[in-house]
Structure formats: C-alpha cells, structure tokens
Amino acid sequence: MTNENIPNLTGFDEAALEKAFASLEAQARESAAALDAEAFRLQWLGRKQGLLNEVSDRWLKAAPGPAKKAVGQRFKVLKELVEALLEGAGPSDAATDAALRAEAIDITLPGTRRPTGAEHPITRTLNEIVSVFAALGYSVGVGPEVETDYYNFECMNFPPGHPARDTQDTLVVAAQERKPLRDRLLLRTHTSPVQMRTMEQQPPPVRIVIPGKVHRNDAADATHSPIFHQVEGLCVDTNITFSDLKGTLDHAMKALFGSAVKTRFFPSFFPFTEPSADVQISCIFCGGKGCRKCKQSGWIELLGCGMVDPAVFAFAQEKQPAYDPKKISGFAFGMGVERIAMMKYGISEIGSFFAGDMRFLGQFA
Ligand code: DAH
C-alpha cells in the first residue's frame, strides 16, 4: 500500500468519515497480516513516509474547525489499532489476535475502584456528642443559620446595645436598615437561639441537644475560624438544679474523653444563664499534672453553661405560658465542636477541617 491508496475524503460528515476510516482500518489489518513488523511499522508509522502522517496532514489538519474533533477521535482509534497490530504484525493470525485484543476488555484486570466515603471529623465528633446526650433521653433539634436579631440576641437576654453583643462579632445581612432591629437578619453567632425556638414549639419538659453551624466575623488563625460548629443543650423541667447540670456535664465529658477525666465549674457570665459557669476538664494530655497544652494549669476550658435565666423564660412565656419561672427551672450549655475534635484527634490547626485536603481527611476514613 502506498500513499496514493489513501482515499480522498468526500466530506467531513459522519458517513464520509466512517467510510474513509473503515477502509483504512481494513487496509491496516491486511498489511499487518502480510508484512513483517518492521515493514509494517515503516509503512504506517514511518516518520517521513508513514501513512498515518499522511492521513494526519490530509484529513486531520485539513479538517474545518467544527469537524476537527470527529476526525481527531477517529484518527486516534486508527492509530491505536495500528499500534496494536504492530505488536502482533507478521504473516499470521497474530495480527488478527492483536486487533481483537485492542478492542476487547480484559476482564481479568481489576476494575476502577471507587473510594469509600467517610464521615468528616467534624460530623463524626458532632454525632458522637449528640449520641452521648441521646443516650440520656435528649432529643435532637435544629434551627436556621440565617437568624433574626430577636432570636440570636434579644430573647436570649442581650437587649439592643448590650455590651455582651460585642463579644460575638456578628455578620449581618446587608440592607436591612428599614426593618425594626428585632427583624433584621444575621448569620447566627451561636446555637442558643434554637433554645427559644424549641420552647416556643413545645411546653416543658424539654431535653434537647442542637448541633449546628455558626458564624462570627473572627480573623482566622490556628484556633479561630469564621465558620464553626456548636452543640447546644437545654433541659427544662420542674426542680432542675445546678447539681443536675453538674452531673449531666460531668457524665458527658467522661463519655467523650474517658472516665478518668475530672470536671470543674468556674463562675462565668452569659446573658441567658444565671448563674453561669465555664466547664473545665482535667487536661487529657498530661492527666492534670501540667503541660504546654494546658498552659501548666492541669485544666482545659471546654464549654459554657448555666441555669436558664428567668428573663429567657419570660420571653418563652409569650408563646408558651407554661414556662413560668416560679414553677419550672432549667439548665443550658453550649460547646464548640471543632475544639473538642481538635483535642480528641490531636489537631493543631482548625483550618485543616475546612481546607478539603484529602491527605488530612483520608486519615479519618
Ligand atoms: N452561646 C454561647 C457562646 O456561643 C455558649 C453557651 C454558653 C451556650 C452557656 C449555653 C450556655 O447554652 O448556657 O458563646
């Protein structure tokens, strides 16, 4: 076969291409059966005189823009066939075999593996925290991430202008100035507003945990991220006392970090609880002896909590009169999921959770 045997293309439509390439493929098979490997190689793949070069010049390069892709794809198939034929070239059935092999699927090769997905470490930690409380009979609730000023702040006893609002650098939705303050939208800075949403929906008793995403206008650093997660808890019933709060959280910390962990409660302030406390656990890295992680104190601060402030119940009473602070009482708590996950898994950069690096995430699979 010589270059003169390459037919002229009658057009670049599918039918013309199909015919032209089919004829070349047939010729390639014939040549491969008739020639020895080197002669076949020279004829088809030769640098100067090779038929494929010629086809490339006359068909592929000449193809008008829109037809380039179709010609290119067929050219690639032809080239693969020629290369496969070359392997088995020779005046024998070997060429036919090679051609068949080129087209066949080798079912003995391993298939394409789909990697199994795994829970993100934040999801996993969040579920773990929730299940500790679920085992105590708590139900699980959620609330909106875009929240009103009323739920995020006002009903949680942060009146307009209250200085405690400044501790939660808030991302607000733009162009809300014409609305009354209480209706203006913001990205919730904590999961506490879902306490009120829950109480408005149901009379006491309440035992609920609320996992969710929260947002603050914080500069990102090793331990701060403008997006993070919290688990909120609320328990309201008759005769709920601070001892119940202590017992519940002590149990939860032992369930999460191991039974050797101790807890202690430090006076603190949150507008929606009175009294309020910060919960510290004995350092899980040094067992309480003092190390770099606990700044030599032996204790690590982990969450906020307190007895629900009567002012919060007063807001709940607007929809559910049964939240009468003279008859019922309750406690609440809130914890940061990233902080707990970082401690449990020894992670030093909060940003690792959100960077989407599979080398990091794959370790939790
Ligand atoms: N909402 C608080 C914060 O984000 C955390 C918190 C503290 C929640 C005490 C509570 C609580 O329910 O009782 O900083």
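**Exercise 1. What covers the buried residues of helix 8?**

Solution. The model is predicted: local features need pLDDT of at least 70, side-chain atom pairs count only at pLDDT 80 or more, and totals for chains, interfaces and linings use all residues. Residues are numbered from 1 along each chain as its sequence is written, and side-chain values use heavy atoms, with hydrogens and water left out.

Step 1. Locate the element: helix 8 spans residues 193-201 (helices are DSSP runs of H or I with at least four residues, strands are runs of E with at least two, both numbered from the N terminus).

Step 2. Seven of the nine residues of helix 8 are buried (buried is under 20% relative accessible area, exposed over 50%, partly exposed in between, with a 1.4 Å probe and protein chains only). They are P193, V194, Q195, M196, T198, M199 and E200.

Step 3. The cover includes strand 2 (146-148), helix 7 (149-152), strand 4 (206-215), strand 5 (227-237), helix 10 (310-317) and strand 9 (329-336).

**Exercise 2. State which parts the salt bridge of R74 and E14 ties together, then treat the pair E83 and K79.**

Solution. Step 1. The side chains of R74 and E14 meet in a salt bridge at 2.9 Å, N to O (a side-chain nitrogen of Lys or Arg within 4 Å of a carboxyl oxygen of Asp or Glu).

Step 2. R74 belongs to helix 4 and E14 to helix 1 (residues 14-34), so the pair ties together parts 60 residues apart in sequence. A network of salt bridges links E14, E18 and R74.

Step 3. E83 and K79 form a salt bridge at 3.9 Å, N to O. Both lie in helix 4, four residues apart, about one turn of the helix. An α-helix has 3.6 residues a turn, so residues three or four places apart point the same way.

Step 4. E83 is partly exposed at 38% relative accessible area, and K79 is partly exposed at 36%.

**Exercise 3. Determine whether C294 and C305 are in a disulfide, and whether each is buried or exposed.**

Solution. Step 1. The structure holds zero disulfides (pairs of cysteine sulfur atoms within 2.5 Å).

Step 2. For C294, the nearest cysteine sulfur is that of C291, 3.7 Å away. C294 counts as buried, at 4% relative accessibility.

Step 3. For C305, the nearest cysteine sulfur is that of C235, 12 Å away. C305 counts as buried, at 2% relative accessibility.

Key: Contact means heavy atoms within 4.5 Å.
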